[in-house]
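Colleague: I am new to this structure, and I would like to understand the reasons behind the labels used for it. Could we go through a few of them together?

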Amino acid sequence: MDLQLNDNQPLTMHIDLNSCFAMIEQQANPLIRYKPVVVAAYDTPKGAVLASSYEAKHLGIKLMLNVREARLLCPEVIVMTPDPDKYFDAYQRFKKVLLNYTNEVTPKSIDEFIVDFKGSRAVQTGLSLSKVSYQIKQDIKESLGEYVTVNVGISTNRFLAKLASGLNKPDGLDIITAKNLREIYEQLELEDLPGINTRYRARLNMAGICTPLQFLDAPVWKLKKEVFHGIVGFYWFMRLRGYEIDSVKFGRKSFGQQYALGNKTTDLEELSRLLMKLCEKTGRRLRSNNYTAWGIHLSLSFENQMYWTKGEKTSSAIYSTQDIYLQSQKLLYQAVISAKVTNIAVTVFNLRPTDPKQLGLFDNTNLDTRSLAEAADTINDHYGEFTLVPARMANMKDVILKRVAFGNVSEL
Amino acid sequence: MREKINEEVSVVMYYSSQKRLALPHLISWQNKDYAVGRIGYHHTVKVGATLHHIFELVDKEDILWFRLNFNTDNLHWTLEAVSDGLAT
């Protein structure tokens, strides 16, 4: 199969906020600008670094180091804990700026968007996409603040647009077309390509592919049969040439919450209390999105690097917090707890829309947990999260803090 | 260093009808007045049905950063945190 590079006009933009959380904190506090700053899950020594400013990155402070390691690299590093509400606000403002240019705006995570300019007013008026990009950069500064910068990449598909956005960080603006594609590949390593990790690089190397240019020139049969062993090879063949194959929308499959325990424990009673709070959070999201679930999954990670996980389908709908808790509690009591638990996660799956609501046999009786859950949600909506909680969750207000879901922004 | 305060404070706020902007102007905290300089970030948070305005700003001398919370239900101001911009 011989396929030319896609030489259509590049109209797909990938745009992301530079060092998102750290930069928003630097915007909010001018006294920490141009200084090494990290946002960490906790400000205790073992708290994982979630974002680091460019100044911190230059000192080698990367994601998933812990605070102690970050301080070893730079004793002056400023450690902040996350402020999810502020980041959600920044996300909404970022999105609003982009929606002024076109309706085809797809969030990829809390700090990155794909913008499709096909048929957009801005381009139809004859403006070049690079001029539109400069305008967007300016609008973002006006909306989020003068310190905030974004990387912009433009090309014919999402993959190349993302690649372009990472070429000149921070505050970059690059366009990849059929004309400069080979030249750009020539300057890169395989792992510079979005989606190519160490394992994929090893597979490619085994097939004699050691550079992005060799990857581009590899025949489709080789990618399918020798490297990726299936259709994925064809997808890469298309992707590398600038053809769009990644604009697939995935529906919601599950809702889940997880918690990394600050105080690791084997105590089932304590784990049950944490589990209840995770179930409440999961239930709130399940109900506010108008779903019921017909399956539940519980997983535990242990201090000795082992883990335990179990999931099962349920014969009745899961809707209220009590439903989730009872099912997950059953799983918890089956768990083999071999060491102190470090992480606990609950997920509900097999989702079905609640509308139209099926009338239950126990509606309006004291067995009607559905109406009870909805009434409790209404109270919490009015008076604040966790105002009304199950007794098991008493005095747990600050345990399991609000967190930012990096990848999933569908509920923001 | 950033320090949690969570104290109610006195705040002078002004509204400009021309700019259609309402911003804190002066903060009185621990018997000292701080004139407001740059506003770093302003966003809102809903706690139940109550809307809170969060202002993060520095004083005119660029020495201290303040995080102020304005409760639109009772119109009270709370100083949530201060920072001198240093690590420790």
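Modeller: Let us begin with A:Lys86, which counts as buried at 0% relative accessibility; please keep in mind that this is a predicted model.

Colleague: Why is A:Lys86 called buried?

Modeller: Buried means under 20% relative accessible area, and A:Lys86 has 0%, so the word applies. A:Asp83, with a relative accessible area of 12%, is buried by that cut-off too.

Colleague: What makes the pair of A:Lys86 and A:Asp83 a salt bridge?

Modeller: A side-chain nitrogen of Lys or Arg has to lie within 4 Å of a carboxyl oxygen of Asp or Glu, and the closest N and O atoms of A:Lys86 and A:Asp83 are 3.4 Å apart. Both residues also belong to a network of salt bridges, whose members include A:Glu25 and B:Arg67.

Colleague: How do you know whether A:Arg33 and A:Glu146 are buried or partly exposed?

Modeller: A:Arg33 has 9% relative accessibility, which is under 20%, so A:Arg33 counts as buried. A:Glu146 has 47%, which falls between 20% and 50%, and therefore counts as partly exposed. Their side chains meet in a salt bridge at 2.9 Å, N to O, and this pair links distant parts of the chain, 113 residues apart.

Colleague: Why is helix 13 of chain A called roughly perpendicular to helix 15 of chain A?

Modeller: The two helices pack at an angle of about 95 degrees, with their axes 11 Å apart. Angles of 65 to 115 degrees count as roughly perpendicular, so the description fits helix 13 and helix 15 of chain A.

Definitions and conventions
Residues numbered from 1 in each chain as written. Chains lettered and ligands numbered in written order. Predicted model: local features only at pLDDT ≥ 70, side-chain atom pairs only at ≥ 80, totals over all residues. Heavy atoms only, no water. Axes fitted to C-alpha atoms, helices over the stretch in contact; angles between N-to-C directions. Helix = DSSP H or I, 4+ residues; strand = E, 2+ residues; numbered from the N terminus. Parallel < 35°, antiparallel > 145°, perpendicular 65-115°, else oblique. Buried < 20%, exposed > 50% of the residue type's maximum accessible area, 1.4 Å probe, protein only.
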